[in-house]
Amino acid sequence: MMGVLSQTLKVSSHSHMDSATLLSLFFLTVIIFATSVPSSALATPASCDFPAIFNFGDSNSDTGGLSAVYGQAPPPNGETFFHKPAGRYCDGRLVIDLMAERLGLPYLSAYLDAVGSNFTHGANFATAGSTIRPQNTTWQQTGYSPISLDVQFHEFNDFHRRSQTYRNQGGVFEKLLPKEEFFSRALYTFDIGQNDLTAGYFLNMTGDQVKGYIPDLMNQFQTIIEYVYNQGGRSFWVHNTGPLGCLPYVLDRLPITAGQVDHIGCVGPANDVAKYFNTKLNETVVELRKQLPLASITYVDVYSVKYALLSEAKKYGYVEPLVACCGSGGRYNYNMKVGCGWKGTVGGREIEGKSCEDPTVKINWDGYHYTEAANKWVFDQIVGGAFSDPPLPLAMACHRQ
């Protein structure tokens with residue numbers, strides 16, 4: 001190519017050609033260059049055409065797991081989109097729902113939900129209150145789920161094996177269970193870790209003490225990714241944890257001094273711990289890429305997106321970013337004794353956790369979780385790959401670069 005270009009320049013310098021001839025030579029040079037470049041260098045990565053999603057996580061992506069075990073999340077949960085309770089701790093859809101929509105897949109059925117579930121295009125193993133490492137407590141005592149990440153993997157392992165045994169029988173099983181080939185072509189999504197951090201704080205640990213066990217969390221997380229890889233999983237989409245110091249239940253329950261509050265009202269030290277967790281998670285992902293050469297692992301910086309939304313809430317059309325929409329009163333419209341959709345007596349007075357008038361202008365739903373409107377805003381920022389490493393869109397997450 002350089003030889004052709006130099007010949008063109010040489011001709012133009014030492015001859016008396018007219019402008020039309022020179023223009024023809026220029027276009028000839030461009031054509032030769034274009035045809036000499038391998039097509040692979042010019043092509044954009046193809047869409048991955050994921051046939052299924054298998055999700056692991058906590059309440060940020062639970063589509064009915066905890067509700068199947070402990071009873072449905074009560075109204076007004078689900079009111080905005082589903083118009084009834086739908087197993088989600090939100091007024092509508094979660095980010096995982098929006099991801100399924102974008103990939104042309106149905107909403108994920110919770111693995112633990114025995115009624116009305118269809119697993120043809122994946123399954124959801126997440127439950128609200130889940131942690132990476134098992135908690136030495138019960139749901140009734142602390143609100144943390146017994147379905148920790150290791151248990152979720154055991155569920156997946158069992159589902160992978162038994163789903164094919166039953167699917168091969170044909171009939172209704174063939175219509176409700178995924179094909180074997182889907183397990184290697186599926187997108188495996190992870191959104192977990194927030195509860196591991198708050199668990200330490202609620203045991204009166206210091207920030208440094210919470211940071212002290214984060215390496216153990218990473219070891220356990222890495223092990224689960226390796227297990228899924230060994231079962232054929234190749235495409236992984238990993239969310240880091242959000243700014244937990246901006247959540248009403250953390251703001252309400254942690255002892256906070258004025259000096260610990262940042263410019264938007266969040267607990268700075270708690271957010272520092274979340275950012276430390278995310279740094280270690282990113283390092284873990286980098287290490288996993290070295291150890292699992294066939295895996296495509298996308299690290300998604302959800303923290304930055306959520307903090308940007310909270311910081312500039314008014315700019316994006318939201319009000320009172322640190323105050324829950326559904327609650328029973330108080331500074332942050334949060335009361336741990338009477339949550340969203342529940343009634344109770346506090347100080348001799350009966351109160352009820354009710355929804356606000358317009359959830360579409362609120363970021364926080366119930367003190368713990370985001371509204372559908374906020375989830376949609378977050379999804380719109382991350383789906384194109386702008387906050388991902390590598391910077392690939394969701395639909396291309398099977399590619400390593």
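# Briefing: salt bridges, helix 12 and some unusual backbone spots

D49 and R185 pair up in a salt bridge, with their closest N and O atoms 3.8 Å apart. That pair links distant parts of the chain: D49 sits in the loop between helix 3 and strand 1, while R185 belongs to helix 9 (residues 182-185), 136 residues apart. Keep in mind that this is a predicted model. Below is a tour of the salt bridges, then helix 12 and its neighbour T284, then the backbone oddities and a surface patch.

**Salt bridges**

- The count comes to 14 salt bridges; a few of them are picked out here.
- As background, side chains of opposite charge can pair when their charged atoms come close.
- The D49–R185 pair isn't on its own, since D49, E181 and R185 are linked in a network of salt bridges.
- How exposed are the two ends of that pair? D49 is exposed, because its relative accessible area is 54% and the cut-off for exposed is over 50%. R185 has 33%, so it counts as partly exposed.
- R133 and D216 also meet through their side chains, in a salt bridge of 3.2 Å from N to O. This one links distant parts of the chain too: R133 is in the loop between strand 2 (122-124) and helix 6 (139-142), D216 is in helix 12, and they are 83 residues apart.
- Both partners there are partly exposed: R133 comes in at 23% relative accessibility, and D216 at 31%.
- A further salt bridge joins D389 to R289, with the closest N and O atoms 3.7 Å apart. D389 lies in strand 8 and R289 in helix 14, so this pair ties together parts 100 residues apart in sequence.
- D389 is partly exposed at a relative accessible area of 34%, and R289 is partly exposed as well, at 26% relative accessibility.

**Helix 12 and its neighbour T284**

- Helix 12 covers residues 214-230, which makes 17 residues. From first C-alpha to last it reaches 24 Å, close to the 24 Å expected at 1.5 Å a residue.
- Which residues of helix 12 are buried? They are I214, L217, M218, F221, Q222, I224, I225, V228 and Y229. They cover an arc of only 160° around the axis, so they end up on the same side of helix 12.
- The spacing in that list fits a general rule of thumb: an α-helix has 3.6 residues a turn, so residues three or four places apart point the same way.
- T284, over in helix 14 (residues 268-291), touches M218, F221 and Q222, leaving aside residues up to four places away in sequence. Those three are among the buried residues of helix 12.
- Is T284 buried or exposed? T284 counts as buried, because its relative accessibility is 7% and buried means under 20%.
- After helix 12 comes G232, which has a positive phi near 110°.

**Backbone oddities**

- Two residues other than glycine are worth a look for their positive phi. D49, the salt-bridge partner of R185, has a phi of about 55°. D49 is in the loop between helix 3 (39-42) and strand 1 (53-57).
- N204 has a phi near 65°, again positive in a residue that isn't glycine. Where is N204? N204 lies in the loop between helix 10 (194-201) and helix 11 (207-212).
- N204 counts as exposed, because its relative accessibility is 71%.
- There are cis peptide bonds to check as well. One joins P75 and P76, with omega about 10°. P76 sits in the loop between helix 4 (65-70) and helix 5 (95-102).
- Another cis bond runs from D389 to P390, with omega near 0°. P390 is in the segment after strand 8 (388-389), and D389 also forms the salt bridge with R289.

**A nonpolar patch on the surface**

- Y166, V172 and F173 form a nonpolar patch on the surface, and together they have about 250 Å² of accessible area.
- One of these patch residues, V172, lies in helix 8 (residues 172-176).

Notes: Residues numbered from 1 in each chain as written. Predicted model: local features only at pLDDT ≥ 70, side-chain atom pairs only at ≥ 80, totals over all residues. Heavy atoms only, no water. Helix = DSSP H or I, 4+ residues; strand = E, 2+ residues; numbered from the N terminus. Expected span 1.5 Å × (residues − 1). Buried < 20%, exposed > 50% of the residue type's maximum accessible area, 1.4 Å probe, protein only. Arc of directions from axis to C-beta. Contact = heavy atoms within 4.5 Å. Patch = residues over 30% accessible without salt bridge, like charges linked within 9 Å, V, L, I, M, F, W, Y side chains within 5 Å. Areas by Shrake-Rupley, 256 points an atom, 1.4 Å probe, with all protein chains shown as cover. Salt bridge = Lys/Arg side-chain N within 4 Å of Asp/Glu carboxyl O.
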